[in-house]
Amino acid sequence: MLMRAERFDKLRVAATAVRAEARAPQWVLPSVKVALVAADAVVAAATFLAAFYLREGAHVVAEWDAAGRVVWSAEFAPYAAVLLFVVPVRVLAHAYYDLYKLRGEFSYVDDMMRVFKATAVASLLIVAVAFLYRGGTAYRAFSYSRAVFVLDFAFALAAFGALRLLMRGAQAAVRRGGVNLIPTLVVGRGAEASLCIREMRERPELGYRVIGVVEKGAIDKSVPETFEGVPVIASIDDLAETIRETAANEVIVADAGVSGDVLFDVMMRVGRIRGVEFRIAPSLFNCLPRKTEIDQIGAMPMIQLFREPLSSTARVVKRGTDILVASCALLLLSPLWLVIAALIKLDSPGGVFYKQERVGMDGRIFLFLKFRTMQSGSDDAAHRDYQRKYIAGQAETNLGDEARPVYKLRTDPRVTRVGRVLRRLSLDELPQLLNVLRGDMSVVGPRPPIPYEVEAYELWHRKRLDMKPGLTGLWQVSGRNRLSFEEMVRLDLFYIENWSLLLDLKIILRTLPVMLRGDNAY
């Protein structure tokens with residue numbers, strides 16, 4: 001063990017040095033993104049002005065007033081009202097299609113496709129604004145020239161395409177100089193791992209630098225110190241700690257001998273580290289979670305793990321709905337918060353809120369908020385023991401009977417008098433609206449588990465972590481504490497696989513009657 005620790009420390013220093021060379025200063029990427037956004041804004045305005053001038057042949061600016069402000073010409077004034085929308089719409093469309101992403105692999109063809117989609121979508125929105133908004137009341141009767149918008153689309157497509165090609169060319173040159181490379185760990189020492197390391201070494205423009213190899217088993221004397229010129233720095237059991245020590249941002253699993261159970265367990269533990277992406281060789285497809293996305297790094301096909309089960313559009317819709325519902329609920333219920341806070345302070349000593357670590361999407365830990373319903377400093381040993389038996393499916397966790405099962409501790413001496421009322425009406429859950437606004441939770445989703453509950457999960461139970469946890473969910477409105485743990489997981493998985501905005505709306509509408517009936521009485 002001592003030899004292994006000394007070896008790890010020595011190789012960790014080497015890996016850190018390589019990682020430091022592969023990274024630009026922290027301010028560089030944000031600065032480049034800001035510059036790219038500014039350039040897009042200038043191009044968006046310039047192409048619109050050029051399209052107008054070419055089509056109408058009229059001057060854009062009539063004069064400059066005494067204060068140095070622009071006075072638009074009479075011909076351009078109606079278009080000036082539309083110009084206010086042109087720049088933000090184009091920039092937002094580019095952001096939506098990931099055209100400001102500067103990390104990792106890129107493809108000139110894919111970039112051009114995204115530029116076309118972003119330009120086309122933005123142009124349609126601009127046309128809609130022009131013919132529906134019409135610059136407000138001042139230009140309601142004005143007839144815009146369609147040719148101006150057609151020319152604007154053509155100029156914008158050419159200009160944004162040229163700008164992206166120029167930017168990517170410069171980025172490839174910078175990467176060949178060893179900058180803007182993602183520190184990457186490779187798991188395994190087989191043929192696929194060898195190909196992966198060689199491809200990334202020979203083609204730095206891909207954006208990756210392998211800083212260490214992770215052995216699929218324990219490290220002993222038979223394991224070489226290096227593989228393909230890269231240090232072997234840890235075993236797969238130490239992967240989470242290795243990522244923290246080396247600050248790696250990418251993990252590529254390239255050994256078919258890695259056990260599916262071991263791999264998934266490691267990924268769930270590592271999933272709590274933000275900013276870490278997983279990719280896996282196609283030969284390991286049999287152990288994949290459902291959230292995957294197939295992409296390519298150079299000549300190597302890769303499968304990216306832990307992709308959200310919702311499409312980009314669905315994510316935007318769900319997040320927008322979360323913000324709208326949570327904001328409205330906070331505004332309407334704010335007087336009730338004051339009443340609840342006063343009752344809690346009068347009933348027992350301690351704070352108003354209870355904070356607890358919970359496990360969110362992909363195993364990431366977040367701070368969970370509730371109104372305090374228990375005595376301060378209460379021991380959770382009884383709850384830990386009950387949850388362990390509940391997850392294991394032990395019959396003794398049913399505190400009711402076969403006709404009316406109850407899977408919750410009925411008499412919990414830790415709960416205060418006010419806490420019992422709050423729990424019966426589920427009012428203790430209201431502070432989770434703040435978790436929703438912060439993005440840790442969604443309004444609708446699986447119940448957020450406690451870390452010690454997740455430790456007792458079987459492999460398939462962890463699939464319920466594929467989506468953000470919710471303030472309410474299908475389990476809460478379909479029986480709640482009368483369902484066994486496996487029934488709860490199946491409901492969560494059904495929700496994840498069949499998500500729709502209509503399903504969320506149905507669950508939200510069914511939540512209020514459940515609260516009023518006090519279905520959380522136990």
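The following paragraphs lead through a predicted model of one protein chain, from its overall build to pairs of side chains.

The protein chain contains 15 helices and 14 strands. Of its 522 residues, 46% count as buried. Contacts between residues at least 6 apart in sequence mostly reach far along the chain: 72% of them join residues at least 24 apart. Towards the outside, the chain exposes about 25500 Å², and carbon and sulfur atoms supply 61% of that area.

Part of the surface is a nonpolar patch of about 310 Å², made by Leu84, Phe85 and Tyr133. Tyr133 belongs to helix α4, which covers residues 108-133. With a relative accessible area of 39%, Tyr133 is partly exposed, because this class lies between under 20% for buried and over 50% for exposed.

Aromatic rings provide a second theme. The structure holds 14 aromatic pairs. One of them joins Tyr457 and Phe485, whose ring centres are 5.4 Å apart and whose planes form an angle of 45°, a tilted arrangement. Tyr457 lies in the loop between α13 and β14, whereas Phe485 lies in helix α14, so the pair ties together parts that are 28 residues apart in sequence. Tyr457 counts as buried at 7% relative accessibility, and Phe485 counts as buried at 3%. Elsewhere, ring pairs link Phe48, Phe52, Phe76, Tyr79, Tyr144 and Phe149 into a cluster. A ring can also lie beneath a charge: the charged end of Arg358 sits over the ring of Phe368, 4.1 Å from its centre.

Charged side chains come next. Side chains of opposite charge can pair when their charged atoms come close. The model has 17 salt bridges. In one of them, Arg279 meets Glu250 at 2.4 Å, N to O. Arg279 is in strand β8 and Glu250 in strand β7, so this salt bridge ties together parts that are 29 residues apart in sequence. Both residues, Arg279 and Glu250, are buried.

Another salt bridge joins Asp504 and Lys318, with the closest N and O atoms 2.8 Å apart. This pair links distant parts of the chain, namely helix α15 with Asp504 and helix α9 with Lys318, 186 residues apart. Asp504 has a relative accessible area of 5% and is buried; Lys318, at 6%, counts as buried.

Lys370 and Asp428 also form a salt bridge, their closest N and O atoms being 3.1 Å apart. Lys370 is in strand β12 and Asp428 in the loop between α11 and α12, 58 residues apart. Lys370 is buried at 13% relative accessible area, as is Asp428 at 1%. Finally, Asp111, Arg114 and Arg168 are joined into one network by salt bridges that share partners.

Note on methods: Residues numbered from 1 in each chain as written. Predicted model: local features only at pLDDT ≥ 70, side-chain atom pairs only at ≥ 80, totals over all residues. Heavy atoms only, no water. Patch = residues over 30% accessible without salt bridge, like charges linked within 9 Å, V, L, I, M, F, W, Y side chains within 5 Å. Areas by Shrake-Rupley, 256 points an atom, 1.4 Å probe, with all protein chains shown as cover. Salt bridge = Lys/Arg side-chain N within 4 Å of Asp/Glu carboxyl O. Helix = DSSP H or I, 4+ residues; strand = E, 2+ residues; numbered from the N terminus. Buried < 20%, exposed > 50% of the residue type's maximum accessible area, 1.4 Å probe, protein only. Phe/Tyr/Trp six-rings, centres within 6.5 Å; stacked < 30°, edge-to-face > 60°. Lys NZ or Arg CZ within 6 Å of the ring centre and 35° of its normal. Contact = heavy atoms within 4.5 Å.
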